[in-house]
Amino acid sequence: MNKVLMKGNEAIALAAIKAGCKCFFGYPITPQNEIPAFMSEELPKINGSFVQAESEVAAINMVYGAGGCGVRVMTSSSSPGIALKQEGISYLAGAEIPCFIVSVGRGGPGLGGIQPAQSDYFQATRGGGNGDYKVPVVAPNSIQEAIDWTYKAFDMADEYRTPVMMLIDGLIGQMMEPVSFENQSCKEFDRSGWATTGTKGKRDPHIINSLYLEPRDLEIHCLKLQAKFDLIRQKEVAWEEHNLEGAEIVAVAYGITSRIVKNSIEKLKEKGIKMGLIRPITLNPFPVEAFSNLPRSVKSLISIEMSLGQMVEDVKLASCGKYPVDFFGRTGGVIPTPEEIVNYIEKLVKEGK
Amino acid sequence: MTSQALIIAGFGGQGVLTVGKLLAYAGMVAGKEVSWMPSYGPEMRGGTSNCHIMISDELIGSPVVAPHEATSVIAMNGPSLDKFEDWVAPGGHLFINSSIIERKPKRSDIHIHYIDANELAKEAGTMKAANMVMLGSYLAISKVLMEKQILDVFTKVFGEDKAKLIPLNEKALNSGKCAIENR
């Protein structure tokens, strides 16, 4: 296979272009600047459009405009920038506009810091926009997986007419790994039934809108959005299982943290402690199924995150009280070491938890 | 070869990220699993800069070199030695650019290699190649890749127009190797 060494941010941008993305709108923020930089260089070459907007709010509304015209479109930002985009994301979900949003997490709250963090799990999976809406969220843990899911995310966005978010962190954005763009393809979608491409006097206008003043109409619309998300839950949920056979403790970790946990698992093996891993790849919908048929050996779960405990709530919901759920996390841009996770698990085991 | 967990650190302009990228790229072409993780942020502007590199025959878990687990550290300047001396695993290797680092490391449980990198680079043609001298020394000890494998990917990383710089970089790599072999 023909491999190249690429930064996560650049690889996502290139995958987006290969997946047919024609427009990018964004505003600079560390640690995701390589995405807009790459797009500003490459999109003009394929007659696409790159606009550095005056703000994140403007950028997400430009996404609304281009997406409404049926163009494959994306934006990217980092934590405080994604916060600013929340209103637009709610409108995009309400108006059922396909688009791809990349969130490259850094420490927060507020301006926070610029080092990698996973403290935007709630922001991504719950969303900060108003109304009854849900946005699918995927969280790759390698650059190859980020590429693969960029293609899939664009297809999902079109298939379900929804914004799709990819949540990574500064580490995946900045690091380089060997990747391949071979064997990737995207589906064709007919957008002629809804996109605002001009009536040319031959059909009724298509209207891209999220305003429903009649309560029953809005309820029907929300139920439709809900049904769509239920379908996504049935068809698109993804997770990885690692070392579950015979495991006493199962760690739940996503993104870069899952790779740190894999190192911890190896170290724990040497100490005679069997730990497995469930790695949610889709964070929303959360892979609830992964928790229903765990081996009998499993005594407890532990959510390990670069936050002070956000996904842990979904782990508790998914495991329905069947197991005690513990938590370990570092935040603010501090990356946990495999060793400190090992120490924490050892302590748990000694205490008989 | 056992897995390599390497930190290359120096000040902005010493080419620590670049030489790391070259090594990672060569590792990839050699069919190994590799990752390259740069420091990013304000410390890069005139301050210290570093990258973590993993090279392994097996899939790489964390791309972050954990404290006390670096198989090697290349310290190009004083602040880098201060910051990363403790990161070297017991029995690991610490490569010190002795042209500008005056202090001696405190550790006694690791292998320490003093390389007069700036001077050797000057002799090879330009002081800018000090990073390549250090890489040459690192390769001589780690045996993770051959010099030729590095030079073979040179234009892939830097572009065809930089092919003219290959002889100079070959000299720099070689003098780094000789600095180890002729001690």
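Tutor: Let's start with a rule: a residue is buried under 20% relative accessible area, exposed over 50%, and partly exposed in between (1.4 Å probe, protein chains only). This is a predicted model, in which local features need pLDDT of at least 70 and side-chain atom pairs count only at pLDDT 80 or more, while totals for chains, interfaces and linings use all residues. Residues are numbered from 1 along each chain as its sequence is written, chains are lettered from A and ligands numbered from 1 in the order in which they are written, and side-chain values use heavy atoms, with hydrogens and water left out.

Student: Why is D109(B) called partly exposed?

Tutor: D109(B) has a relative accessible area of 37%. That value falls between the two cut-offs, so "partly exposed" is the right label.

Student: And what makes R107(B) buried?

Tutor: R107(B) comes out at 17%, which is under the limit, so it counts as buried.

Student: How do you know that R107(B) and D109(B) form a salt bridge?

Tutor: The rule asks for a side-chain nitrogen of Lys or Arg within 4 Å of a carboxyl oxygen of Asp or Glu. Here the N to O distance is 2.7 Å, so the pair passes. Elsewhere, R72(A), D155(A), D158(A) and R191(A) are joined into one network by salt bridges that share partners.

Student: How many salt bridges are there over all chains?

Tutor: The count is 28. One of them links R103(B) with E85(B), whose closest N and O atoms are 3.0 Å apart. These two sit in distant parts of the chain, 18 residues apart: R103(B) in the loop between β5 (88–97) and β6 (111–115) of chain B, and E85(B) in the loop between α2 (78–84) and β5. Helices (H or I, at least four residues) and strands (E, at least two) are DSSP runs, numbered from the N terminus.

Student: Which of R103(B) and E85(B) is buried, and which is partly exposed?

Tutor: E85(B) is buried, at 4%, whereas R103(B) is partly exposed, at 28%.

Student: What makes R279(A) and E145(A) a salt bridge?

Tutor: Their N to O distance is 2.7 Å. R279(A) lies in strand β11 (residues 275–280) and E145(A) in helix α6 (residues 143–160), 134 residues apart in chain A. Both residues are buried.

Student: A146(A) is also in helix α6 of chain A. Why is A146(A) called buried?

Tutor: Its relative accessibility is 0%, so it is buried. Apart from neighbours within four places in sequence, A146(A) is in contact (heavy atoms within 4.5 Å) with I12(A), P140(A) and M166(A).

Student: What makes K200(A) exposed?

Tutor: A value of 67%, which is over the exposed limit. K200(A) lies in the loop between β8 and α8 (215–236) of chain A, and it has a positive phi of about 50° although it is not a glycine.

Student: What makes something a pocket?

Tutor: On a 1 Å grid over the protein atoms alone, it is an open set of points where a 1.4 Å probe fits, with protein on both sides within 12 Å along at least five of seven lines; lining residues have an atom within 4 Å of a point. The largest pocket has a volume of about 1000 Å³, volume being the space filled by probe spheres set on the points, which are joined across faces, edges and corners. Its lining has 35 residues, with N263(A), L59(B), I60(B), G61(B) and S62(B) nearest the centre. α9(A) gives the most, six residues.

Student: How do you know where the second largest pocket lies?

Tutor: Chain A is divided into domain 1 (4–236) and domain 2 (239–350), bounds that come from an automatic or database domain assignment. Both domains give residues to the lining of the second largest pocket, so it lies between them.

Student: How many of the residues lining the second largest pocket are nonpolar, polar and charged?

Tutor: The lining has 16 nonpolar, eight polar and two charged residues. Ala, Val, Leu, Ile, Met, Phe, Trp, Tyr, Cys and Pro count as nonpolar, Asp, Glu, Lys and Arg as charged, and the others, Gly among them, as polar.
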